[in-house]
Amino acid sequence: MVYGVIDNEGRQLALKVNRPGTVDPNCRARLEQEAALLNQLNSPSIVSFVEAGEDSASGLFCLVVERVAGVPLSEVVSRGETLSPADS
């Protein structure tokens with residue numbers, strides 16, 4: 001699940017968490033791997049890593065990245081559209 005959030009510094013961020021009660025046992029592992037990889041990368045073509053860790057109250061793993069404005073890719077795909085290289 002992804003939520004749009006604003007941090008204490010006023011930055012627009014995306015908070016990604018593994019879905020509570022998910023039936024996919026690999027969901028958390030994939031999110032942790034995504035966090036580890038993003039933490040190592042620095043490119044204007046990908047979102048910037050901010051922070052990751054486990055919420056002590058819920059046990060959910062959380063990943064925080066910069067928030068990118070635009071239409072969700074799932075919406076573009078569901079409409080049968082394609083993206084130009086400049087828009088992708």
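## A four-stranded sheet, its helix and its pocket

In this predicted model, Val5 has Leu13 of β2 as its bridge partner, and this pair belongs to a contact between β1 and β2 in which the two strands are joined in the antiparallel sense over 5 bridges. The hairpin that β1 and β2 form has 5 residues between the strands, and Gly10 in this hairpin takes a positive phi near 85°.

The two strands are part of an open sheet of 4 strands, whose order is β1-β2-β4-β3 and whose pairing is antiparallel. Because β1 (2-6) and β3 (49-54) stand at the edges with a single partner strand each, one side of each is left without a neighbour in the sheet. On average, and with direction ignored, neighbouring strands of this sheet are turned by 25° against each other. Strands of a sheet pair through backbone hydrogen bonds, in either a parallel or an antiparallel arrangement.

At the other edge, β3 is joined to β4 (residues 61-66) by 5 bridges, with the two strands running antiparallel; here Ala52 has Leu63 of β4 as its bridge partner. The two pairings are set out below.

| Strand pair | Bridges | Sense | Bridge partners |
|---|---|---|---|
| β1 and β2 | 5 bridges | antiparallel | Val5 and Leu13 |
| β3 and β4 | 5 bridges | antiparallel | Ala52 and Leu63 |

Helix α1 (residues 27-40) lies across β2 (12-17), β3 and β4, and runs at about 35° to β4. As for the exposure of β1, the number of buried residues among its 5 is 0, so this strand lies largely in the open; buried here stands for a relative accessible area under 20%.

The largest pocket holds about 350 Å³ of space. Of the 13 residues that line this pocket, Val47, Val65, Glu66, Arg67 and Val68 are the closest to its centre. The elements that give two or more residues to the lining are β1, β2 and β4, and β1 gives the most, with 3 residues. By residue class, the lining of the largest pocket divides into 8 nonpolar, 2 polar and 3 charged residues.

Beyond the sheet and the pocket, Ser74 has its place in helix α2 (residues 73-78). Ser74 counts as exposed because its relative accessibility is 54%, where the cut-off for exposed is over 50%. From C-alpha to C-alpha, Ser74 and Ala36 are 24 Å apart in space, while 38 residues separate Ser74 and Ala36 in sequence.

Terms used: Residues are numbered from 1 along each chain as its sequence is written. This is a predicted model: local features need pLDDT of at least 70, side-chain atom pairs count only at pLDDT 80 or more; totals for chains, interfaces and linings use all residues. Side-chain values use heavy atoms; hydrogens and water are left out. Two strands pair if DSSP finds at least two bridges between them. Axes are lines fitted to C-alpha atoms, for helices over the stretch in contact, and angles run from 0 to 180 degrees between N-to-C directions. Contact means heavy atoms within 4.5 Å. Buried means under 20% relative accessible area, exposed over 50%, partly exposed in between (1.4 Å probe, protein chains only). On a 1 Å grid over the protein atoms alone, a cavity is a set of points where a 1.4 Å probe fits but cannot get out, and a pocket is an open set with protein on both sides within 12 Å along at least five of seven lines; lining residues have an atom within 4 Å of a point. Grid points are joined across faces, edges and corners, and a volume is the space filled by probe spheres set on the points. Ala, Val, Leu, Ile, Met, Phe, Trp, Tyr, Cys and Pro count as nonpolar, Asp, Glu, Lys and Arg as charged, and the others, Gly among them, as polar.
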